[in-house]
Amino acid sequence: MEKLTSHYQSSNFFDELIDDKGAPRSPAKQLLGYLDSLSEDELEKRRLTAEATIQEMGISFTVYTEEGNIDRAWPFDIIPRTIEASDWKIAEAGLKQRLTALNLFINDLYHDQNVIKDGIIPEHIIKDSKNFRPECVGVSPAYGVWAHICGTDLVRDENGDFFVLEDNLRVPSGVSYMLENRAITKRVLPELFENESILPVDSYTSQLFDTLAALSPRNIENPEIVVLTPGIYNSAYFEHAFLAQQMGAELVEGSDLFVDSDDCVYMKTIDGPERVDVIYRRIDDLFIDPEAFDPESVLGVAGLMRAWRAGNVALANAPGAGVADDKVVYAYVPAIIRYYLNEEPILKNVKTFLCDDPEQRAYVLENLDKLVVKPANESGGYGMLVGPHSTKKEQALFAELITKNPRNYIAQPTLKLSTAPTLVSKGVLEPRHLDLRPFILQAKETYVTTGGLTRVAMKKGSLVVNSSQGGGSKDTWIVETKGQ
């Protein structure tokens, strides 16, 4: 029987499972050996089992289109991605360092702004930020933490080194898919979990609960925690419901809550109003309180900011945390780490050109065919220009956008993103580019997921991994090999 991996070509990129000589890397040895022992038909059977499991469990996401909202089954590849535990320890330390500094930065911005006074970041960068909230000035959340749940996107370069691609500190999503990916893989490849030293991920929801409970303004044994969702039409509604159910928390919409005259938040129940201590909100800042922000919003709760400012309810993430979730601010994070922690960054940034700077802007405009251009505050892969895959017309449009609003754009070199074997058809493995979104929880203590959500570009040669743009996902294995 021919081995599944015998014709695999990893091309010119760092492949995370197979080295340039065609041999499996240390954490992938058992996995690839097992896959090679399966026939094409057996492997296809496992793939179909994964598809059936996804349908059975109702794992889906929503894509917004001009024709309307489309609910799609979660795209999943059954070949896991493996990472050496010793490599992951470095990444984990780097993420803890980064989020500690970013929370100090956010707290400083809403208080003394020493980071601006000391010339670390220009004042106009913050002044022109779409996510700086004057309504948050002077507020001091518990433990000085604003971004309690962060999803930081990591990539590996041609040498296998981790780089931070971006930080998501507003309402990061995807962690439920990380957990479901593991559940599916345990069904599809159960034998490997008996023999491999694969570190678990299933403690996330209990860690999330503990993080949220630590924020309670009332010192009580069982604080009331709710997950605030925009509703069933939101693209991440599956995740909102999943996390609420896993934590044993109530899933609520804005209409289920109200702020009373005592500036406390209450939930409507059949037994009467019940006070809410912590809100894990999955609604953007501008929609959470029509009294403080958009008066037209029907998603939020009138008076919620008042209750939060009074210290009567905790909001996770805190309003205003998104000021650090800006791709222009991203360029300053290494300096922010040095400023607040007096340490060198453990994880590097990708080289970034700020279009706000005339010299850097001139370089970007001359090299649009080679660079990736991103708007400062978009997410989900929207509004980007991937230079090498773009047309002259698209480049001309972005040149116009950059010239009109330079503060809103950054550019980065096209990375040689790492690849991993992906099952593209029956018995056929091909390399596909991927990234990784670990989740960092921060309150009294800091916790980093073991690995995270691996997103994979399912189209050959594509660098766009977002599910909304046709990307898929894999289970992520942090593997302890002998000698560690």
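## Salt bridges, cores and sheets at a glance

Searching the whole structure turns up 29 salt bridges. Keep in mind that this is a predicted model. The same kind of whole-structure search finds zero disulfides. Below is a quick tour of the charged pairs, the nonpolar cores, the sheets, and a few residues worth clicking on.

**Charged pairs across the chain**

As background, side chains of opposite charge can pair when their charged atoms come close.

- K426 and D41 meet through their side chains in a salt bridge, at 2.7 Å from N to O. This pair ties together distant parts of the chain, 385 residues apart: K426 sits in the loop between β18 (419–425) and β19, while D41 belongs to helix α2 (residues 40–57).
- K426 is partly exposed, at 42% relative accessible area, and D41 counts as exposed at 53%.
- R156 and D87 form another salt bridge, with their closest N and O atoms 3.5 Å apart. Here strand β4 (residues 149–156), which holds R156, is linked to helix α3, which holds D87, and the two residues are 69 apart in the chain.
- R156 is buried at 5% relative accessible area, whereas D87 is partly exposed at 31%.
- D167 and R98 make a salt bridge too, at 2.9 Å from N to O. D167 comes from strand β5 (residues 162–168) and R98 from helix α3, again 69 residues apart. Both D167 and R98 are buried.
- Through shared partners, salt bridges connect E16, R81, D87 and R156 into one network.

**Nonpolar cores**

The general pattern is that nonpolar side chains tend to be buried together in soluble globular proteins.

- The largest nonpolar core has 70 residues, and W88, F105, I126 and I279 are the ones that touch the most other members. Helix α3 (residues 85–109) is the top contributor, giving 10 residues.
- Zooming in on I126, and skipping residues up to four places away in sequence, you'll find it touching F105, L109, I116, I121, F132, V323 and V329.
- A second core of 56 residues lies apart from that one, with L32, I79, F238 and A244 among its members.

**Cysteines**

- C150 is not in a disulfide because its sulfur is 17 Å from the closest cysteine sulfur, in C136, which is too far for a bond.
- C150 counts as buried, at 0% relative accessibility, and C355 is buried at 0% as well.

**Strand β22 and its partners**

- Strand β22 (residues 453–456) is covered on both faces: L453 and R455 on one side, and T454 and V456 on the other, are all buried.
- β22 pairs with strand β19 (residues 428–437) in the antiparallel sense, over four bridges. R437 has L453 as its bridge partner in β22.
- β22 also runs antiparallel to strand β23 (residues 472–474), joined by three bridges. Across that pairing, R455 stands opposite S473.

**K474, a buried lysine**

- K474 is found in strand β23 and is buried, with just 1% relative accessible area.
- A polar atom of the K474 side chain lies 2.7 Å from the backbone oxygen of P421.
- Leaving out neighbours within four places in sequence, K474 is in contact with several residues, including F76, D77, R81, N181, A420, T422, L434, T454 and V456.

**Two open sheets**

- One open sheet has four strands in the order β14-β17-β15-β16, paired antiparallel. Its edge strands are β14 (353–354) and β16 (385–386), each pairing on one side only.
- Two bridges join β14 to the antiparallel strand β17 (residues 409–413), and F353 stands opposite A411 in β17.
- The other open sheet has three strands, β8-β9-β10, also with antiparallel pairing. β8 (257–259) and β10 (274–275) each have a single partner strand, so one side of each has no neighbour in the sheet.
- Strand β9 (residues 265–267) pairs with β10 over two bridges, and Y266 has R275 as its bridge partner in β10.

**Y363**

- Y363 lies in helix α13 (residues 358–366) and is partly exposed, at 38% relative accessibility.
- Not counting residues up to four places away in sequence, Y363 touches F353 and L371.
- From Y363 to E196, the C-alpha separation is 49 Å, with their positions 167 residues apart along the chain.

How values were computed
Residues numbered from 1 in each chain as written. Predicted model: local features only at pLDDT ≥ 70, side-chain atom pairs only at ≥ 80, totals over all residues. Heavy atoms only, no water. Pairing = 2+ DSSP bridges. Disulfide = S-S within 2.5 Å. Buried < 20%, exposed > 50% of the residue type's maximum accessible area, 1.4 Å probe, protein only. Core = buried A, V, L, I, M, F, W, Y, C linked by side-chain atoms within 4.5 Å. Contact = heavy atoms within 4.5 Å. Polar contact = N/O pair within 3.5 Å; in protein donor to acceptor, adjacent residues only side chain to side chain. Salt bridge = Lys/Arg side-chain N within 4 Å of Asp/Glu carboxyl O.
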